[in-house]
Amino acid sequence: MQLQNDLLLRAALGQKTERTPVWLMRQAGRVLPEYRKVRASIKDFKTLVKSPEAATEVTIQPVDILGVDAAIIFSDILVIPEAMGLNYEMEESKGPVFPKRIESAADLNLLHVSTGEELQYVLDAIKLTKRELNGRVPLIGFAGAPWTIFSYMIEGRGSKTFSAAKKVLYSQPEFAHKLLDMITQSTINYLKAQVQAGADIIQLFDSWAGVLSPDQYEEFSLKYISQICDAIPEVPKTVFAKGAFFARASMNRLNCNVVGLDWNMGIEESRQLIPNKTLQGNLDPCALYGSLEDVKRETKKMLQAFGGSKHIANLGHGLYPDTEVDKVKCFIDTVKEFRAS
Ligand SMILES: Cc1c2[nH]c(c1CCC(=O)O)Cc1[nH]c(c(CCC(=O)O)c1C)Cc1[nH]c(c(CCC(=O)O)c1C)Cc1[nH]c(c(C)c1CCC(=O)O)C2
């Protein structure tokens, strides 16, 4: 189906657009009271993710209420470990926890490469969302990057240092590569199925990229991200590696269209290091705690620095849950009104 608003896809492909497209990481499920209402009516987070009708509803809420230029399918990066055989639980106010984590090479026997079929509920939600969006805006599909998923499977939960996951890289690199390879194959199957179901563009979230050294990042993360990008030629791809300022020149060589920046990455410097790609980002989510005037000023400053082309406006990481909705709207409206001078 022809999209009525294809700004995001054209910007991703490096084409000229009338204005800069805008969406926000974690736009669904964090700040909207309308989301909390749906969430309160459903037993828990995982039930919501596994209910295509409800997932569709909360996926489309930011399009209707905030006016963003894309929807991102409501799911989580941790559905992949579960599809591979490692169940996760979402503890209220604590975040994700794995009751059993991967501790040694012997534990690999507990896992299998996902064909994507285990995640039929996400594919159903994508199909239903595409139908309900009816071509209004593109739909973003996503997955975690292998290193970030690996970290969760080894640590069993979030961590400040990820020292347990990093210990495996230093002490058992062969085992690390085996698990990373299984995650990569599963992710390729899953993303291919998402594209088949209707995802218009794909984003890889490498949320814990910043804890690795540059050499380790090449060996244990970029290598696998590169394999995933090569395996999905059908749609544009975005790679967002939080904290990986040191890997920007390498990311310029990936077979992807868009590189996401966090707010620590200078815009001018990033343009020089990543000249081949469209850039996405990168306002500090905390900037939305300022006054409406502050939000407007900071957003304009960011837009001016990106220069009005080859840019998808976004935050430098996900929205924080306590952000006021009118500040989010102000960010979006400021982008939509902006014309590069
Ligand atoms: C690391 C990571 C996770 N999940 C995700 C990442 C990568 C992005 C990033 O770096 O922030 C990605 C994610 N998680 C969710 C989405 C879809 C919605 C969207 O982006 O708008 C996406 C793209 C829903 C969610 N995932 C989660 C919620 C909150 C759970 C609830 O509503 O009860 C939502 C809406 C839970 C989750 N899931 C995860 C954590 C750490 C938590 C707890 C903290 C929190 O994010 O609220 C793992």
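The UniProt annotation "binding site", from an unreviewed entry, covers R26, Q27, A28, G29, R30, D76, Y152, S207 and H317. These positions span 292 residues in sequence, and their farthest two C-alpha atoms lie 22.6 Å apart, so they do not all gather at one spot. The model is predicted. Two of the annotated residues, R26 and H317, are followed below, then the ligand shell and some unusual backbone geometry.

**Annotated residue R26**
- R26 sits in the loop between α1 (7-12) and α2 (33-40).
- Is R26 buried, exposed or partly exposed? R26 is partly exposed, because 17 other C-beta atoms lie within 10 Å, and the buried class starts at 20.
- Beyond its neighbours within four places in sequence, R26 is in contact with G318 and L319.

**Annotated residue H317**
- H317 lies in the loop between β9 (311-315) and α14 (325-337).
- H317 is buried, because 23 other C-beta atoms lie within 10 Å and 20 or more are enough for that class.
- Which residues does H317 touch, not counting those up to four places away in sequence? They are M25, K242, D262 and P285.

**Shell around the ligand**
- There are 21 residues around the ligand.
- A28, G29, G95, F205 and S207 come nearest.
- The record's "binding site" annotation includes A28, G29 and S207.
- By class, the shell divides into eleven nonpolar, seven polar and three charged residues.

**Cis peptide bond**
- Most peptide bonds are trans.
- Which residues does a cis peptide bond join? The cis bond links G281 and N282, with omega at about -10°.
- N282 belongs to strand β8 (residues 278-283).

**Positive phi outside glycine**
- Most residues other than glycine have a negative phi.
- S93 has a positive phi, near 60°.
- The loop between β2 (89-91) and β3 (95-97) holds S93.
- S93 is exposed, because just 4 other C-beta atoms lie within 10 Å, and the exposed class takes 12 or fewer.
- F162, not a glycine either, has a positive phi of about 55°.
- F162 is placed in the loop between α7 (146-155) and α8 (163-171).
- Why does F162 count as buried? F162 has 21 C-beta neighbours inside 10 Å, and the class needs 20 or more.
- In short, S93 is exposed, whereas F162 is buried.

Note on methods. Residues are numbered from 1 along each chain as its sequence is written. This is a predicted model: local features need pLDDT of at least 70, side-chain atom pairs count only at pLDDT 80 or more; totals for chains, interfaces and linings use all residues. A residue is near a molecule or strand if its C-beta atom, placed from the backbone, lies within 6 Å of it. Ala, Val, Leu, Ile, Met, Phe, Trp, Tyr, Cys and Pro count as nonpolar, Asp, Glu, Lys and Arg as charged, and the others, Gly among them, as polar. UniProt positions are given in the numbering used here, feature names are shortened, and annotations may be inferred rather than shown by experiment. Helices (H or I, at least four residues) and strands (E, at least two) are DSSP runs, numbered from the N terminus. Two residues are in contact if their C-beta atoms, placed from the backbone, lie within 7 Å.
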